[in-house]
Each structure stands twice: as C-alpha cells, then as structure tokens.
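Trainee: Before I use the labels attached to this model, could you take me through the reasoning behind them, setting each value against its cut-off?

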Amino acid sequence: MPAFTVAVAGGTGGIGRALVNGLVQQGKHKVLILSRKSSTLEVDSASISTIATDYTSIPSMISTLQEHKIDVVISALILSSPENSQAQLNLITAATQSGTVTSFLPSEYGIHYTPETLSFHPAARYWLDAAAALRASALRFTRVVFGWTLDHYGIPRVHSYMKPFKYVLDFDARRAAVPGDGTQKVSFLHTTDLARYVAALLEDEGEWPEVSAFVGGVASWGEFVRIAERVTGAKWDVTYDSVEVLEKGEATMLPQPPGAPTEEDYPGMREMVSEFGLMAVRGVLDVSDAGIRNGAFPHIKPMSVEEVVEKAWGRDAGA
Ligand SMILES: NC(=O)c1ccc[n+]([C@@H]2O[C@H](COP(=O)([O-])OP(=O)(O)OC[C@H]3O[C@@H](n4cnc5c(N)ncnc54)[C@H](OP(=O)(O)O)[C@@H]3O)[C@@H](O)[C@H]2O)c1
C-alpha cells in the first residue's frame, strides 16, 4: 500500500525528472507527473504516464487532484516568466481547495530568495509570491534550497537529467570565467542527492520549517577552480568579471555544448548569467545560514564538489 500519492508538476524537466527518479527509487509512494501534455516517461525502468494539466484552469486542476486523490504536490515548474509563475500560483490555489492535498513543495531548488534579492534579481518575485501564497494557505510546505547545482560539472559522466550548461568552469577548454574575485562561498548539491533528500522529507510527518537547505559541499568559485586544476592536472586560463561588468549585464559567456539552453529558450540569458554572478559576489549562493538539514537524514551521504569532479574528470573517469 503506497504511503502517499505524490504528483510532481514539471516532472518532465531537468530537476523534476531527478525528483521523480528519487521517489521511484525510494519505492514508498505512488508517483504521478503533471504536464501540459500527455506522454509516457521512462524513469528508472518504470513507465510513468503524465496527466495532461491546464495550468490556467484552477477548477480543472482541482478535479485532477481530487480524481487521483493526490496527497502531496511537488512542483518543479520552471519559473522563467510571469506566465510560468502564475501556473504555479494557480496550482497552489487548486491544491488548497482540493481537499485532498495536505503538503506542497514549491519549485525552489536554488538560493534562499528573500525580499533583498529583488534589488539585483527581479525574477525573485516569482519564488517570493509562491512562498507568500503557501504561507497564507493551510498546506504544509517547505522551500527546498541548496545553492548551485553540481550537475553541470559532472555531465556527461555523472548521470543527470539536466541539460548541459557551462557556467564559470569549462572543463573541455580548461578555462574559467569567475564572477567577482571568486572568494565568496557557494553551496552545491547534485540533483541525485536533492532527489534523495526530497524523498526523505516525505517520511517526516511532523511540521516542516519554512526553508529546508541541503548541501553536498561549500566552496568559493576560486576554490572550485583549484579543485579543477588539481583533478585535471592542468593550469587553467582564468579570467574575472568585475562587479561593474556583472551589474551592466555583461558577464563572460562560455561557449555552450550541443543541447545546452539557448538565448531562444531564455531570452536575456546573458543578463541572467550576470545576475547569477552578482548572487555569488553578494554571498547568497551559499545557503548555509538558511538552516542546513542534512543532519535530519544522516543516511544520505551527498556527493561533494571533489567527488563529482573526480568522477567526471579524474584519472579514472569513464573507466
Ligand atoms: N540551483 C540551480 O543551480 C538550479 C538549476 C536549474 C534549475 N533550478 C530551479 O529548479 C526549478 C526547475 O527548473 P528546471 O531547469 O528543471 O526546469 P525545466 O526543465 O526548464 O522545466 C520544468 C518543467 O516546467 C514545465 N513548464 C515549462 N513552461 C511552463 C508553463 N508555461 N506552464 C507550466 N509548466 C511549464 C515543463 O513541463 P511540461 O512541458 O511537461 O508541462 C518543464 O518540463 C526552477 O525553480 C529553477 O529555478 C535551479
């Protein structure tokens, strides 16, 4: 008998598929995926049918949640536009009114957004609006944050559902474009470990704190470059983007591999990459002070920065 029926909205995406995979591997819950279109997804040798969802219609989402007796909604929707943000807000309203959903994880999986973040990253509004809607609801919720994903530095040798995206470090070219002076700390987690923590959270039947931070390791971008140099046994070409350059939205863009998100997917990508740089410089890419909860789940041993880089680029990589 599954413990909960869990719906992962956006379970077709990079983070979402990792979360679905983690829940399927855990094997305790019935897992469904909400998607804008019907399809079947192969995840960890299980076939999961997606439920076609119209995120603009709250009544139809309420019917879906009731029909499938959904207890828990995990959102992994991409919050890249006002339309996407509204989709998640509508889903929160539907979950609140469904009468079946008791717990909700909003799409976070990044930094701990606060009103201060708005001054240099206006899109933070989407995450803050979702948190405000959940605070006003009776749903149990927690905002899962970790900082920056380690997946980009392990692809393709360390399995990930995320699209490749070169940011700060280009292992192929042995080149780094560091935001600021590279001394501020950044916290990291691989999405495989994120998924294990999220699955474990569902086992916790008590109150959830507003923010649940999980990290695999903490390092500055400068320290990350030194790890990369040690593991690859090469001196890297390192340049630095000043705060002025980042504030002008002119961060250095690394050449992207096939399959990476493009300017077409994310108009204003260079501005967004510049804002990521400002997040690092202002220290908000390190979520350590948001309340790290690794200790609540000691059986999970997340991969560190060194482990991912060794597995992907070390002497025995691909062996
Ligand atoms: N910390 C980090 O380094 C990091 C990195 C990446 C992502 N994130 C965060 O993780 C979350 C998910 O990101 P992601 O990269 O996994 O997203 P993604 O793969 O780009 O998209 C996730 C899903 O969102 C759904 N979607 C797209 N547009 C939509 C719309 N207009 N209305 C409703 N649904 C829509 C799609 O599902 P269907 O097509 O099936 O409907 C898609 O599969 C975001 O909050 C993001 O900020 C953090």
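Mentor: What follows takes the ligand site, one helix and a few loop residues in turn, and the model is a predicted one.

Trainee: What makes a residue part of the shell around the ligand, and which residues are the closest?

Mentor: A residue belongs there if one of its heavy atoms lies within 4 Å of the ligand. By that criterion 26 residues surround the ligand, and the closest are Thr12, Ile15, Ser35, Arg36 and Ser107. Sorted by type, the shell holds 12 nonpolar, 10 polar and 4 charged residues.

Trainee: Which elements supply the shell around the ligand?

Mentor: Helix 1 (14–26), helix 3 (82–98) and strand 9 (148–149) each contribute at least two residues, and the largest share, 3 residues, is that of helix 3.

Trainee: Why is the ligand said to lie between domain 1 and domain 2?

Mentor: Both domain 1 (5–141) and domain 2 (148–188 + 217–286 + 298–313) give residues to the shell around the ligand, and therefore the ligand is placed between them.

Trainee: How do you know that the backbone of Arg36 makes a polar contact with the ligand?

Mentor: The cut-off for a pair of N or O atoms is 3.5 Å, and a polar backbone atom of Arg36 is 2.8 Å from an oxygen atom of the ligand, so the pair qualifies as a polar contact. The same test is met by Thr149, where a polar backbone atom is 3.0 Å from a ligand oxygen, and by Glu108, where a backbone N or O atom lies 3.3 Å from a ligand oxygen. As for cover, the ligand taken alone exposes 920 Å², of which the protein buries 83%.

Trainee: Which residues of helix 2 are buried, and what puts them on the same side?

Mentor: In helix 2 (residues 58–67), the buried residues include Met61, Ile62, Thr64 and Leu65. They cover an arc of only 160° around the axis, and that is why they are placed on the same side of helix 2. In an α-helix there are 3.6 residues a turn, so residues three or four places apart point the same way. The face of helix 2 turned away from the buried side carries Pro59 and Glu67, which are exposed.

Trainee: Why is Tyr109 called buried, whereas Arg174 is called partly exposed?

Mentor: Buried means under 20% relative accessible area, exposed means over 50%, and partly exposed is in between. Tyr109 has 7% relative accessibility, so Tyr109 counts as buried, whereas Arg174, at 29%, falls in between and therefore counts as partly exposed. Tyr109 sits in the loop between strand 6 (103–105) and helix 4 (124–135), and its phi is positive, about 60°, although Tyr109 is not a glycine. Arg174, in the loop between strand 10 and strand 11 (175–179), also has a positive phi, near 55°, and is likewise a residue other than glycine.

Trainee: What makes Ser242 and Tyr266 partly exposed?

Mentor: The relative accessible area of Ser242 is 30%, and that of Tyr266 is 25%, so both fall between the 20% and 50% limits. Ser242 lies in the loop between strand 15 (237–241) and helix 7 (243–247), while Tyr266 lies in the loop between helix 7 and helix 8 (269–281).

Trainee: Where is the cis peptide bond at Pro156?

Mentor: The cis bond joins Ile155 and Pro156, with omega about 5°, and Pro156 lies in the loop between strand 9 and strand 10 (169–170).

Conventions. Residues are numbered from 1 along each chain as its sequence is written. This is a predicted model: local features need pLDDT of at least 70, side-chain atom pairs count only at pLDDT 80 or more; totals for chains, interfaces and linings use all residues. Side-chain values use heavy atoms; hydrogens and water are left out. A polar contact is a pair of N or O atoms within 3.5 Å; within protein, one must be able to donate a hydrogen and the other to accept it, and residues adjacent in sequence count only if both atoms are side-chain atoms. Accessible areas come from the Shrake-Rupley method with a 1.4 Å probe; for residues, only the protein chains shown count as cover. Helices (H or I, at least four residues) and strands (E, at least two) are DSSP runs, numbered from the N terminus. Ala, Val, Leu, Ile, Met, Phe, Trp, Tyr, Cys and Pro count as nonpolar, Asp, Glu, Lys and Arg as charged, and the others, Gly among them, as polar. Domain bounds come from an automatic or database domain assignment. Buried means under 20% relative accessible area, exposed over 50%, partly exposed in between (1.4 Å probe, protein chains only). The arc is that of the directions from the helix axis to the C-beta atoms.
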